[in-house]
Structures are given as structure tokens and as C-alpha cells.
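Student: Could you walk me through reading a few local features, one residue at a time?
Tutor: Sure, let's bring up the model.

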Amino acid sequence: MKAFGNFDKVVASNGGGSSMLEPGGYVAKIVRVKDHTDETKPYLEFVYDIWNAETKSFLFTADLADTTNDWRHSFRIYFSKDNNYGVQRYKALTEAVENTSQGKGAKAFVYEDKDNAEQTLVGKLLGVVIRHRSYVNSEGKVKTAVDVNAFIPGKDAAEGNFDAKYAEPYEADGVAEARANAESAVIDAPVPAVELADEDIPF
């Protein structure tokens, strides 16, 4: 990705796939950064792992050894010429990394706005806030996905020191209608006559 040129003047902003983590704060590590900023809808894709304080290990290390699984543990930051939102989100991410201890004896990270600087984030720790997002898929069914909704210092994530609104569930357009349609379909559906042998009854 090319340097922004005025990154020091950007105001950081947190707006709102992966396995189904519970909503809340986590310490994460950036495993890979994929540059798609030359595409029609430019974005950076961040592949991340989550630190498990109990086992003192990362949750998805084995899964992420195969890069075809990256989509399960990634989030994207899109950039638009129409607004500065993507750059603000990216600034929030870099500030979260800068304000997170990178380990005992590790030098504090300072982000430099230069070409390909996103690659300097690989291997770095930061805090993230996870939320659940409901959406309607192409078949009209309501599904739930994991969103990385905010970037914060790792210590704040570990201690739960963040605005709870970032972990609140989010429903995309059409979810309420799709749920209502699904419920009415269940109510209206005829109940099939099923004959059960005694041994099929689980009590």
C-alpha cells in the first residue's frame, strides 16, 4: 500500500470472518496483512490470532498454518475516495498497536507512514473488541458473523476497559424482516405425521 502522506493529521476512529468468539475484548496478534489497495474497492485484509491467557498460547495457530483458512480469522479495512473513514479506522489500529506492550524487552512500536508500512504490523499485538453481527445471506437466511469492531490497547482489552457499546450485537438491514418471515413460515407449515417406534423415543 502506498503511504497516505498526511497520516499524522488523521483522527483515529473505531467503527463497527473468524470463528465464533464471544463478544468482548481480546489481545490479538496480526499474522498477515494482504494488500488489496489496487482493486476497484481498495482494502487491507488483516489475518489475526487471539491470545488465550489461560493456556498462554494463541487460539488459531494450527488453523492459520494453512493460509486457505485465513478468511476465517480476518477482517478488512476499506478505503474510499468519498470519505476518510477507512483511513481513520486504520489509524485507530496503528495507535492500538503503538499503545500495546509487544512483550518483555520488546521495543515500543512506532508506525511510520511509508509505502508498504502495513507489513511492519505483522507479528504485532493489539487489543480488539469483538461483536456479533447478524446478516441475511444470499438464500435469505439469517446468519451470524464475528466482527472486529474496535481497536484498543491490549491491556485495556485484557482488563475489559472499553466502551461496552463496541461489543453489542449488530443487525444488518433486512434481518428483522427475514426473521419474521422465517417465523411465519414455521407457523404456517403443516406438521408432518410421524410414527415413532418405542425405541426411537429418547426418554
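Tutor: Start with N116, which is found in the loop between α2 (85–98) and β5 (125–136). Keep in mind that this is a predicted model.

Student: What is the sign of phi at N116?

Tutor: Positive, about 65°, although N116 is not a glycine.

Student: And how open is N116, buried, partly exposed or exposed?

Tutor: Accessibility is read as a relative area, and partly exposed is the class between 20% and 50%. N116 has 46%, so it counts as partly exposed.

Student: Which loop holds K56?

Tutor: K56 sits in the loop between β2 and β3 (57–58). Its phi is near 55°, again a positive value in a residue other than glycine. The relative accessible area of K56 is 61%, so K56 is exposed.

Student: Now a charged residue. Where does E45 lie?

Tutor: In strand β2, which covers residues 43–52. E45 is buried yet has no salt bridge.

Student: Why does R76 not count as a salt-bridge partner of E45?

Tutor: A salt bridge needs a side-chain nitrogen of Lys or Arg within 4 Å of a carboxyl oxygen of Asp or Glu. R76 is the nearest side chain of opposite charge, but it is 4.5 Å away, so the pair misses that cut-off.

Student: Which side chain makes a polar contact with the side chain of E45?

Tutor: That of S74, at 3.1 Å.

Student: What else is E45 in contact with?

Tutor: Leaving aside neighbours within four places in sequence, the contacts of E45 are R32, V33, K34, H36, S74, F75 and R76.

How values were computed:
Residues numbered from 1 in each chain as written. Predicted model: local features only at pLDDT ≥ 70, side-chain atom pairs only at ≥ 80, totals over all residues. Heavy atoms only, no water. Helix = DSSP H or I, 4+ residues; strand = E, 2+ residues; numbered from the N terminus. Buried < 20%, exposed > 50% of the residue type's maximum accessible area, 1.4 Å probe, protein only. Lys, Arg positive; Asp, Glu negative; His and termini not counted. Polar contact = N/O pair within 3.5 Å; in protein donor to acceptor, adjacent residues only side chain to side chain. Contact = heavy atoms within 4.5 Å.
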